[in-house]
Amino acid sequence: MKKDFSSDGSSGDFSSGENISYWLDSVRPMETSTLEQDMETDVLVIGGGIAGLTTAYLLAKAGRIVMLVEDGLIASGESGRTTAHLTCALDDHYQQLEKTFGAEGSRLAAQSHMAAIDRIEEIVRLEHIACNFERLNGYLFLYPGEKKQYLVDELEAIKRTGILAQWLDEVPGMPAATGACIAYPRQAQFHITRYLHELAHVILNLGGRIFTKTRATDIDKNGAKCNGYAVHAKHIVVATNTPVNDLVTMHTKQFPYRTYVVAAKVPKGSLPHALWWDTGDMDSRWITAPYHYVRLQSFTEEHDLLIAGGEDHKTGRADEEGIPEERRYQALINWLKVYFPKAGEIAYNWSGQVMEPIDHLAFIGLNPGNDNIYIITGDSGNGMTHGTLGGMIVSDLIQGIENPWTELYSPKRKPLKDLGTYLSEVMNMAAQYADFFTEADIKNLEELAPGNGAIFGKGMKRMAVYKEENGRLNAFSAVCPHLGCVVQWNADERSFDCPCHGSRFTKEGQLINGPAISPLKKIDINARQL
Ligand SMILES: Cc1cc2nc3c(=O)[nH]c(=O)nc-3n(C[C@H](O)[C@H](O)[C@H](O)COP(=O)(O)OP(=O)(O)OC[C@H]3O[C@@H](n4cnc5c(N)ncnc54)[C@H](O)[C@@H]3O)c2cc1C
Ligand code: FES
């Protein structure tokens, strides 16, 4: 669901936002042909991110007939906006996972993410993929104000999973951080778009077919319509980040969050290659305890890029903390300069969306109610490994191979132990409907500066308006075509975002992200009495 931003000189149809990540900037976007006829296939994979491409690769490698459709270009979704830490240090922490899934579930989760990293390494080696894959240590340190006991408890919970983590009294590479950390061995990082583009080439070489700028609609047990053409398939894998085959069920089990990234130049070799994370702000108003995540990436002969992420908030709700989307980068830079004083000029900034599952683990497997439609979703801040695991589990399911993690990640599971969190998110979601009665962003259209968007008008007549640089107005119903919440203006990525389940629309009303499957309804503003 990509929009051709290039009409106004911005990012082109290869991204789900107007800010371009380092990964999308450093590798030419990969485009294949567009589907122009009806087709038959054994497996239809929908989505050209890490989840879809890994699934297609593993099945093609196993000799299955695979076809993948992607409505943008390869990696033009959230995979192109990631920071690509490959880790078993899951962002909701093992103390929490143990409470929800028990000691055995927590052990399986740790084991599965380590297996996903191993699988990526194996694919890189086997297919000779040049993507800067490197093994390194990860360090989890305390968010200011959090108690040391939290780290002590976390280390104990990790050790119970069998991971060989250890206590360090200082955080390597971070002299400004006071206190201890947990060190995780054999974590990894890579260059995501190099990896995915090469993976796509391998799929093609194995006889798989990939169609970009090809959108799947009308997904059912027989296949889907792809750009209007009928594609018949025995198995359908919906790897669209958030499922676009289901109107309600899965969307009550996960919640959309925005997360922000800055990439600062640092003198080459001045910091060790490692992954760093803080434990997150547990007093935050959001259920996710927003945390900071940092890594290095080789950049030029003189500089590495220090890539730092964080400052997350519920989609469409940044203002509730008094820090709108476009000001989140400065908060991140302020944090970075304290902990990494060598951080210099900011070379890139971008943001993206993660789907936070209610009980912290992704939903991978048969879509509830179907026996040949599979989904991979709910991957939170660990979507590189969750997406890879998605490919591993779903390809096993399709081939009838037993997989040790099928039950843990089953989309059918009922996360009763997290009822408190569930209710608070559902209440939060229900509260979004009150947006019909809250004050609009602007009272009259003259207030709107060129190049800006806003929500305008009252009740069911709420409009999402965008004023082009030449003063021309684009106006749409602000009612999200998914389940009717009011969209919000995101001045950072210049999109209209829905706080309920994360659908996003360009400033021209076009669909960027599901679960909505249609654009915002256009309003001929000049024909209306305003
Ligand atoms: C800023 C940021 C930092 C992150 N950092 C990390 C990290 O360090 N480590 C980590 O593990 N995870 C991280 N994540 C999470 C991770 O990047 C994502 O979870 C992961 O990339 C999702 O992959 P995916 O394949 O599920 O989805 P996507 O990459 O979004 O792919 C889905 C694709 O489906 C396509 N599509 C949608 N609908 C249709 C349709 N109807 N027809 C055809 N195609 C369709 C989309 O265009 C898209 O390209 C981060 C995420 C963000 C935003
Ligand atoms: S995404 Fe569900 S109502 Fe908007």
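In this predicted model, a polar atom of the His386 side chain lies 3.1 Å from the backbone oxygen of Asp379. The side chain of His386 also makes a polar contact, at 3.3 Å, with the side chain of His113. His386 belongs to helix H7, which covers residues 383-399. With a relative accessibility of 1%, His386 counts as buried, because the cut-off for that class is under 20%. When neighbours within four places in sequence are set aside, the residues in contact with His386 include His360, Leu361, Ala362 and Ile364. Ile376, Gly378, Ser380 and Tyr409 are also among the contacts of His386, as are the two polar partners, His113 and Asp379.

Helix H7 also has a part in the surroundings of another helix, H5, since it is among the elements that cover the buried residues of H5. Helix H5 runs through residues 192-205 and has 14 residues. From its first C-alpha to its last, H5 reaches 20 Å, close to the 20 Å expected at 1.5 Å a residue. The buried residues of H5 include Ile192, Thr193, Tyr195, Leu196 and His197. Further along H5, Leu199, Ala200, Val202 and Ile203 are buried as well. Besides H7, the cover over these residues includes helix H1 (22-26), helix H2 (50-61) and helix H3 (94-126). Strand E7 (209-211) is also included in that cover. After H5 comes Gly207, which has a positive phi, near 100°.

The aromatic residues offer another route through the structure, which holds 14 aromatic pairs. In one of them, the ring centres of Tyr260 and Tyr329 are 5.5 Å apart and the ring planes stand at 80°, so the arrangement is edge-to-face. This pair links distant parts of the chain, with Tyr260 in strand E11 (residues 254-267) and Tyr329 in helix H6 (residues 328-339), 69 residues apart. Tyr260 and Tyr329 are both buried.

A tilted aromatic pair is formed by Tyr466 and Trp489, with 5.7 Å from centre to centre and 40° between the planes. Because Tyr466 lies in strand E19 (residues 463-467) and Trp489 in strand E21 (residues 488-490), the pair ties together parts that are 23 residues apart in sequence. Both Tyr466 and Trp489 are buried. Tyr466 has a further partner in Lys507, whose charged end sits over the Tyr466 ring at 5.7 Å from its centre. Another such arrangement places Arg285 over the face of Trp286, 5.4 Å from the ring centre. Elsewhere, Tyr22, Trp23, Phe299 and Tyr348 form one aromatic cluster.

These local features can now be set within the whole chain. The protein chain contains eight helices and 25 strands. Its radius of gyration is 22 Å, close to the 24 Å that the globule rule gives for 530 residues, so the chain is as compact as a globular protein of that length. The C-alpha trace spans about 65 × 55 × 50 Å along its principal axes. Of the 530 residues in the protein chain, 62% are buried. Among contacts with a separation of 6 or more, 69% are accounted for by residues 24 or more positions apart.

Notes:
Residues are numbered from 1 along each chain as its sequence is written. Chains are lettered from A and ligands numbered from 1 in the order in which they are written. This is a predicted model: local features need pLDDT of at least 70, side-chain atom pairs count only at pLDDT 80 or more; totals for chains, interfaces and linings use all residues. Side-chain values use heavy atoms; hydrogens and water are left out. Helices (H or I, at least four residues) and strands (E, at least two) are DSSP runs, numbered from the N terminus. Buried means under 20% relative accessible area, exposed over 50%, partly exposed in between (1.4 Å probe, protein chains only). A polar contact is a pair of N or O atoms within 3.5 Å; within protein, one must be able to donate a hydrogen and the other to accept it, and residues adjacent in sequence count only if both atoms are side-chain atoms. Contact means heavy atoms within 4.5 Å. Rings of Phe, Tyr and Trp (its six-membered ring) pair if their centres lie within 6.5 Å; planes under 30 degrees apart count as stacked, over 60 as edge-to-face and the rest as tilted. A charge sits over a ring if NZ of Lys or CZ of Arg is within 6 Å of the ring centre and within 35 degrees of the ring normal. The expected span of a helix is 1.5 Å times one less than its number of residues. The radius of gyration is taken over C-alpha atoms; the globule rule is 2.2 Å times the number of residues to the power 0.38.
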